[in-house]
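Biologist: I've got a model open and I'd like to learn how to read it. Can you take me through it one feature at a time?
Modeller: Sure, let's bring it up.

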Amino acid sequence: MSGRKGKWNMFKEYLLDIFFPRHVKCIFCGEELNGNDYNDTCEKCLLTLPYIKNCCLRCGEPLSADKEGICLRCTSTNYDFELARSVFEYTDKIISVVHKYKYKNQKFLSEPISNYLCDYLAKWDIKVDMVCAVPLFKKKEKERGFNQAKLLAENVAEKFDLPYVDAVLKVKDNPSQTTLSFKERQENVLDVYAINENLKKDIKDKSILLIDDIYTTGATANAIAKILKSAHAKAVYVLTFAHAIIKQEL
Ligand SMILES: [Zn+2]
Ligand SMILES: [Zn+2]
């Protein structure tokens, strides 16, 4: 994938930097930036960020360096998406940034987070036609003020000059997935999502990139991929900022 950034966006960022200077502290550790930073990340954090170097070829689960192929769960799970990848392991530094972004209303973090997604996508050997996000239930989106995944997906779409589409809607408010097991998570997402009928014809035969902040068991990504596939999407790829590891119970 290759990207480009419009002149207008660069100008917009330039203006924002003047009026709202915020690129002063590392988003991960809070240290003052000294000019040797990249993407609002200090030199020290850049060297220690938990990039996933070796992963399950199907779901992107981090694997130890001596392992290759697919993870245990993927040996017995059928997914409706083609591939899932995550940039980082969900360790302390990453958790704290995601929490600040999602729950502390630090919306500006969408930019550095999506830049990390863009860096990954630029090297990932896939071709996509459009970008979509894991939707939130309307009431929840109102409470939070924004859909964190959608903001990321819109940034990614813009940088790669691709259309962003609200392809799937969340039509039922299911309980939070956080404390559920793999099996419970799969059941918890049944009938929760539905295709956006207005966009159905745009999805047909298209290769779609689905963006979310965290990948845990793949249950959510899979439920959405299933819906996109039933609307005749050609392929669904999943990209998340972080991959949380929960014990594989198989
Ligand atoms: Zn730092
Ligand atoms: Zn896997």
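Biologist: Which residues does isoleucine 211 touch, if we skip those up to four places away in sequence?
Modeller: Keep in mind that this is a predicted model. With sequence neighbours up to four places away set aside, isoleucine 211 touches Leu117, Val131, Ala133, Ala149, Leu152, Ala153, Val156 and Leu239.

Biologist: How should I read a list like that?
Modeller: Start from the general idea: in soluble globular proteins, nonpolar side chains tend to be buried together. Here, the largest nonpolar core has 63 residues, and those touching the most other members are Leu117, Ile208, Leu210, Ile211, Ile224 and Leu228. The elements that give two or more residues to this core are E1, H3 (92-103), H4 (110-123), E2 (130-133), H6 (148-159), E5, H9 and E6.

Biologist: Which element gives the largest share of this core?
Modeller: That's H9, with seven residues.

Biologist: Then let's look at H9. How do I read a helix?
Modeller: Two things to check: its span and its burial. Helix H9 covers residues 219-230, and its 12 residues reach 17 Å from first C-alpha to last, close to the 16 Å expected at 1.5 Å a residue. As for burial, nine of the 12 residues of H9 are buried, so this helix is largely enclosed by the rest of the structure. Among the buried ones are Ile224, Ile227 and Leu228.

Biologist: Is there a rule for which residues of a helix point together?
Modeller: Yes: an α-helix has 3.6 residues a turn, so residues three or four places apart point the same way. In H9, try it on Ala221, Ile224 and Leu228, which are buried.

Biologist: What does H9 form together with E5 and E6?
Modeller: E5, H9 and E6 make a right-handed β-α-β unit. The two strands, E5 (residues 207-215) and E6, run parallel and are joined by eight bridges. One of the pairs to look for is aspartate 212 with its bridge partner in E6, threonine 240.

Biologist: Which other strand pairs with E6 in the parallel sense?
Modeller: E1 (residues 83-89) pairs with E6 (residues 235-243) in the parallel sense, over six bridges. To follow the register, find leucine 83, whose bridge partner in E6 is tyrosine 237, then alanine 84, which stands opposite valine 238.

Biologist: Are those strands buried or exposed?
Modeller: Eight of the nine residues of E6 are buried, so E6 is largely enclosed by the rest of the structure. E1 is also largely enclosed, because five of its seven residues are buried.

Biologist: Back to the neighbours of isoleucine 211. Where is alanine 133 found?
Modeller: Alanine 133 is in strand E2. With 26 C-beta neighbours inside 10 Å, alanine 133 counts as buried. Its contacts, beyond four places in sequence, are Asn147, Ala149, Lys150, Leu152, Ala153, Ile211 and Asp212.

Biologist: Several of those fall in H6. Why is H6 said to be largely enclosed?
Modeller: Because 10 of the 12 residues of H6 are buried. The buried set isn't purely nonpolar by name: Gln148, Lys150, Asn155 and Lys159 are among them. The cover over the buried residues of H6 includes H3, H4, E2 and E5.

Biologist: And what about odd backbone angles?
Modeller: Look for a positive phi in residues other than glycine. Asparagine 39 has a phi of about 50 degrees and sits in the loop between helix H1 (7-19) and helix H2 (43-48). Aspartate 205, with phi near 65 degrees, is in the loop between helix H8 (200-203) and E5. Others come after helices: aspartate 161 follows H6, with phi near 55 degrees, and histidine 232 follows H9, with phi near 70 degrees.

Biologist: Are asparagine 39 and aspartate 205 exposed or partly exposed?
Modeller: Asparagine 39 has 16 C-beta neighbours inside 10 Å, so it counts as partly exposed. Aspartate 205 has 10 and so counts as exposed.

Biologist: Now zoom out. How many helices and strands does the protein have?
Modeller: Nine helices and six strands. The radius of gyration is 18 Å, close to the 18 Å that the globule rule gives for 250 residues, so the protein is as compact as a globular protein of that length.

Notes: Residues are numbered from 1 along each chain as its sequence is written. Chains are lettered from A and ligands numbered from 1 in the order in which they are written. This is a predicted model: local features need pLDDT of at least 70, side-chain atom pairs count only at pLDDT 80 or more; totals for chains, interfaces and linings use all residues. Helices (H or I, at least four residues) and strands (E, at least two) are DSSP runs, numbered from the N terminus. The expected span of a helix is 1.5 Å times one less than its number of residues. A residue is buried if 20 or more other C-beta atoms lie within 10 Å of its own, exposed if 12 or fewer, and partly exposed in between; C-beta atoms are placed from the backbone. Two strands pair if DSSP finds at least two bridges between them. The radius of gyration is taken over C-alpha atoms; the globule rule is 2.2 Å times the number of residues to the power 0.38. A crossover is right-handed if, with the strands pointing away from the viewer, the path from the first strand over the helix to the second runs clockwise. A nonpolar core is a set of buried Ala, Val, Leu, Ile, Met, Phe, Trp, Tyr and Cys residues joined through C-beta atoms within 7 Å. Two residues are in contact if their C-beta atoms, placed from the backbone, lie within 7 Å.
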